[in-house]
Amino acid sequence: MSSKPNPVSVARQQAGKVVLPILWAITVCHLLNDTIQSLISAIYPLVKESMHLSFAQIGLVTFTFQCVASLLQPVVGFYTDKRPKPYSLAGGMMLTLAGVILLAFADRYSWLLIAVALLGVGSAIFHPESSRLARLASGGRHGFAQSLFQVGGNTGSSIGPLLAALIITRNGQSSIIWFSLLAIAAIVVLFKVGGWYHNHLSELKSGARAHAADAGHQLSRKTVFRALAVLVALVFSKYVYLVSISSYYTFFLMTKFHVSVASSQLYLFLFLFAVAAGTYIGGPLGDHFGRKYVIWGSILGVAPFTLLLPHVDLFWTAVLTVVIGFILASAFSAILVFGQELVPGRVGMISGLFFGLAFGVAGIGSAALGVLADHTSIIFVFQACAYLPLIGLLTCFLPNIEGARGKSAS
């Protein structure tokens, strides 16, 4: 006896015909978006000298960008869960374009803060909606899709400092204007993605309901909230440590090993490139072995290397930061998909929450570490942050979602 075709299954099959083009399009746009964002920390040595800024003021720049993004992203995700806005991605990138232009010509600290705030708003619009598209285009391989999407962002973050060393360090702050071409290219691509999104909106909604049904795990509300609290703590550990390197690694190298600004940017590029490579590994491993195991290995497993880092020479500093970046980066895709499966049907809200949390924690952490560096030393900051990955021990309190889901399906 033949059964009636499931409309959700039909919608999923139809969407699957264009999965890879959409997934690659938003991955490339994530690369362009985060290349632009990485210019903020890449120009810190220049603006610190030209504007006579303290470490605390440098931290406030990061705080402004990431606080704006962190506060808006959950709001954007919650709103678009109920009212999808296909062309909001291109609109957000237009705000990023405005931020790039202002960043190139900001000659006062106040204009610098406004420029990074515009970049923060653009980021807040881009990340939740594009992360939702990555999940919907995944064909069920949620970890793989989120990893590929994250690789785009982390690759962009690693390219930014390299381009800054080659272009901005040599030609000055005004040369940032050339990066507006990246924003324009992303706007064009995102308009095309928005058109596909608009034409397939009903199918995407059906796919979202299917994912919600597939992710049922029968956990109590208390267990879900406890698990989300653990994930928040893990994100705190990961991103405060990452921001200690992304914002202050160049100063650490120049202070401890007396390297040039250009050389320090190249070392930062090595670290960020390792982060991009590690990001891709985490998703497929989580799909295959389970996300909880990836979280265990990624955050807690990096602790021996972070504890050793402040006490080695320049060569081993470079080696250890590459190892740290590769291992630690594999966690975020696993954490994000774990959170999405804890709260099925709220992909945008959870994506916005964790992207926003990542930005907010990094922003507050950057500001706090800048104040700490002013009152102690940049060397002490790295010694103190070395203990953060031990928070990974909290992973033992996460439920076994894969096991629970398997039991409910059997």
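**Exercise 1.** In this predicted model, decide whether H52 counts as buried or exposed, and then describe its backbone and its place in the chain.

*Solution.* Start from the accessibility: H52 has a relative accessibility of 68%, and since exposed means over 50%, H52 counts as exposed. Next, consider the backbone, where H52 has a positive phi of about 55 degrees although it is not a glycine. Finally, place the residue along the chain: H52 is found in the loop between α3 (44-50) and α4.

**Exercise 2.** Carry out the analysis for H258, asking which loop holds it and what its phi value is.

*Solution.* The first step is to locate H258, which lies in the loop between α10 (221-257) and α11. The second step is to read its backbone angle: phi of H258 is near 60 degrees, a positive value in a residue other than glycine. The third step concerns accessibility, and because its relative value is 67%, H258 counts as exposed.

**Exercise 3.** Determine which residues form the nonpolar surface patch and which helix gives the largest share of it.

*Solution.* Begin with the membership: the patch is formed by Y280, I281, L285, F289, Y293 and F326, which together have about 600 Å² of accessible area. Then turn to the origin of these residues, where helix α11 (residues 261-289) supplies the largest share, namely four residues. As a check on one member, F289 lies in helix α11 and, at 52% relative accessibility, counts as exposed.

**Exercise 4.** Identify the buried residues of helix α12 and explain why they can be said to line one face of the helix.

*Solution.* Helix α12 spans residues 291-299, and its buried residues are R291, K292, V294, I295, S298 and I299. Looking down the axis of α12, one finds these buried residues within an arc of 160 degrees, so they line one face of the helix.

**Exercise 5.** State which residues form the positive surface patch, and characterise K85 by its place and its exposure.

*Solution.* The positive patch consists of K82, R83, K85 and R346. Of these, K85 is placed in the loop between α4 (55-82) and α5 (88-105), and its relative accessible area of 37% makes K85 partly exposed.

**Exercise 6.** Find what distance separates the C-alpha atoms of A384 and Y241, and describe the setting of A384.

*Solution.* Although A384 and Y241 are 143 residues apart along the chain, their C-alpha atoms are separated by 9.7 Å. A384 itself lies in helix α17 (residues 378-385), and at 37% relative accessibility A384 counts as partly exposed.

How values were computed. Residues are numbered from 1 along each chain as its sequence is written. This is a predicted model: local features need pLDDT of at least 70, side-chain atom pairs count only at pLDDT 80 or more; totals for chains, interfaces and linings use all residues. Side-chain values use heavy atoms; hydrogens and water are left out. Patches are made of residues with over 30% relative accessible area and no salt bridge: like charges are joined within 9 Å, nonpolar side chains (Val, Leu, Ile, Met, Phe, Trp, Tyr) within 5 Å. Accessible areas come from the Shrake-Rupley method with a 1.4 Å probe; for residues, only the protein chains shown count as cover. A salt bridge is a side-chain nitrogen of Lys or Arg within 4 Å of a carboxyl oxygen of Asp or Glu. Lys and Arg count as positive and Asp and Glu as negative; His and the chain ends are not counted. The place of a charge is taken as NZ of Lys, CZ of Arg, CG of Asp or CD of Glu. Helices (H or I, at least four residues) and strands (E, at least two) are DSSP runs, numbered from the N terminus. Buried means under 20% relative accessible area, exposed over 50%, partly exposed in between (1.4 Å probe, protein chains only). The arc is that of the directions from the helix axis to the C-beta atoms.
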